[in-house]
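Colleague: I should be grateful for a close look at the salt bridges of this chain. Please explain where they lie, and then place them within the wider architecture for a first-year student.

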Amino acid sequence: MEKRKGKNYDVWFSSLFYLKAFTNEILTFADLNEKFCNDYKYYLLNAKSRRSNQTTLAQNTAHSYFNKFKATLKQAFKDGIVPFDLNGKIESIKQADTKRVFLTLEELNKLVKAECPSPLLKKASIFSALTGLRFSDVSKLKWKEIVHINGQGYFIQFQQKKTKSNEFLPIAEQAYEVLGQPKESEQRVFEGLNYSAHQNSQLIKWAMSAGIQKHLTFHSFRHTYATLQLQGGTDIYTVSKMLGHKDLKTTQIYAKIVDETKRTATTKIKLDL
């Protein structure tokens, strides 16, 4: 846990918190077996939330915490602390499908024309919708990381904050134009952009001014990018690479969304038969 930083640290901290609560803070390596792990899994699926003692942990939260526990077991085996790969014998908590809010191309164009309480947030959001970048990567992007190659166009050369993987991401000419006039190489492109709870309220006000009744978060623009790419015919493997996903299964969630929108579209033409 102590090796982690940022938002990921909070997840590890909470995972350790629930493990301590389950074991009453006393756990020996001799206690580690399949029954213990499965009992802990059941505990997480029924544990009360730290934030609200009236509700249980969401399934995806329990999934995340249990995966941290499994990762620790795997590392303990690699380091020779435990003599068997217990992690390999334990099934993860299944991840529940979550509703991903995304915008249609028509809605995105409405947002482009509408006023936002924060012009900086608007510019960053549109850039995310055109590139698929997460907030963490958009907020730390520096001008030196945007390069132009003759005959090929613009690229972003950066390290993903979440996965730590190095990326060389092509971006559209329009995405570059959104950024405005280039500045010093070490300066952040979206100088002053910081995450806050107030940010989400600004996004909702922006959506309302555009006549869009959707509960937007910044991540909605990454969802929008993925969905519009698939709807436009880009193959899922390419979209997965553009999003920086390590596992194609993560991208397949968006393919399901596209299938659902196609199914909905088939019901819009009705004849009086």
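Modeller: The count of salt bridges comes to four. The model is a predicted one, and the values that follow are computed from it. As background, side chains of opposite charge can pair when their charged atoms come close.

Let us begin with the pair formed by Asp 39 and Lys 35, whose closest N and O atoms are 2.7 Å apart. Both residues belong to helix 2, which covers residues 34-46, and they are four residues apart, or about one turn of the helix. Asp 39 counts as partly exposed because its relative accessibility is 33%. Lys 35 has a relative accessibility of 59% and therefore counts as exposed, since the cut-off for that term is over 50%.

Another salt bridge joins Lys 214 to Glu 107, with 2.8 Å between the closest N and O atoms. Lys 214 sits in the loop between helix 8 and helix 9 (219-231), whereas Glu 107 is part of helix 4, so this pair ties together parts that are 107 residues apart in sequence. Lys 214 is partly exposed, at 27% relative accessibility. Glu 107 has a relative accessible area of 17% and so is buried, the limit for that term being under 20%.

In the salt bridge between Lys 144 and Glu 186, the closest N and O atoms are 2.9 Å apart. Here both partners come from loops: Lys 144 from the one between helix 6 and strand 1 (146-149), and Glu 186 from the one between helix 7 and helix 8, so the pair ties together parts that are 42 residues apart in sequence. Lys 144 is partly exposed, with a relative accessible area of 45%. Glu 186 is partly exposed as well, with a value of 46%. This pair does not stand alone, for Lys 142, Lys 144 and Glu 186 are linked in a network of salt bridges.

The charges can also be viewed across the chain. There are 42 positive and 26 negative charges, and the mean positions of the two sets are 2 Å apart.

We may now turn to the architecture in which these pairs are set. The chain contains 11 helices and three strands. Read from the N terminus, the order of elements is α-α-α-α-α-α-β-β-β-α-α-α-α-α. The C-alpha atoms fill a box of roughly 65 × 60 × 35 Å along the principal axes. Of the 273 residues in the chain, 37% are buried. Among contacts with a separation of 6 or more, 61% are between residues 24 or more positions apart. The accessible surface comes to about 17200 Å², and carbon and sulfur atoms account for 51% of that area.

The interior deserves attention next. In soluble globular proteins, nonpolar side chains tend to be buried together. In this chain, the largest nonpolar core has 35 residues, and Phe 127, Ile 146 and Phe 221 have the most contacts inside it. Several elements each supply at least two residues of this core, among them helix 4 (105-113), helix 5 (119-131), strand 2 (153-159) and helix 8 (197-209). Helix 5 gives the largest share of the core, with five residues. Helix 4 is thus one of the contributors, and Glu 107 of the salt bridge described above lies in that helix.

Phe 127 shows what such a position looks like in detail. Not counting residues up to four places away in sequence, Phe 127 touches residues including Leu 133, Val 138, Ile 156, Ile 171 and Phe 190. Apart from this core lies another, of 19 residues, including Cys 37, Tyr 40, Leu 44 and Phe 66.

Two serines complete the picture. Ser 128 lies in helix 5 and is buried, with a relative accessible area of 0%. Beyond four places in sequence, Ser 128 touches Leu 133, Val 138, Phe 218, Phe 221, Arg 222 and Tyr 225. The C-alpha atoms of Ser 128 and Phe 29 are separated by 46 Å, and these residues are 99 residues apart along the chain. Ser 49, in turn, is found in the loop between helix 2 and helix 3 (59-78). Ser 49 counts as buried because its relative accessibility is 16%. Leaving aside neighbours within four places in sequence, Ser 49 is in contact with Tyr 18, Thr 55, Thr 56 and Leu 57.

Conventions:
Residues are numbered from 1 along each chain as its sequence is written. This is a predicted model: local features need pLDDT of at least 70, side-chain atom pairs count only at pLDDT 80 or more; totals for chains, interfaces and linings use all residues. Side-chain values use heavy atoms; hydrogens and water are left out. A nonpolar core is a set of buried Ala, Val, Leu, Ile, Met, Phe, Trp, Tyr and Cys residues joined through side-chain atoms within 4.5 Å. Buried means under 20% relative accessible area, exposed over 50%, partly exposed in between (1.4 Å probe, protein chains only). Contact means heavy atoms within 4.5 Å. Accessible areas come from the Shrake-Rupley method with a 1.4 Å probe; for residues, only the protein chains shown count as cover. Lys and Arg count as positive and Asp and Glu as negative; His and the chain ends are not counted. The place of a charge is taken as NZ of Lys, CZ of Arg, CG of Asp or CD of Glu. A salt bridge is a side-chain nitrogen of Lys or Arg within 4 Å of a carboxyl oxygen of Asp or Glu.
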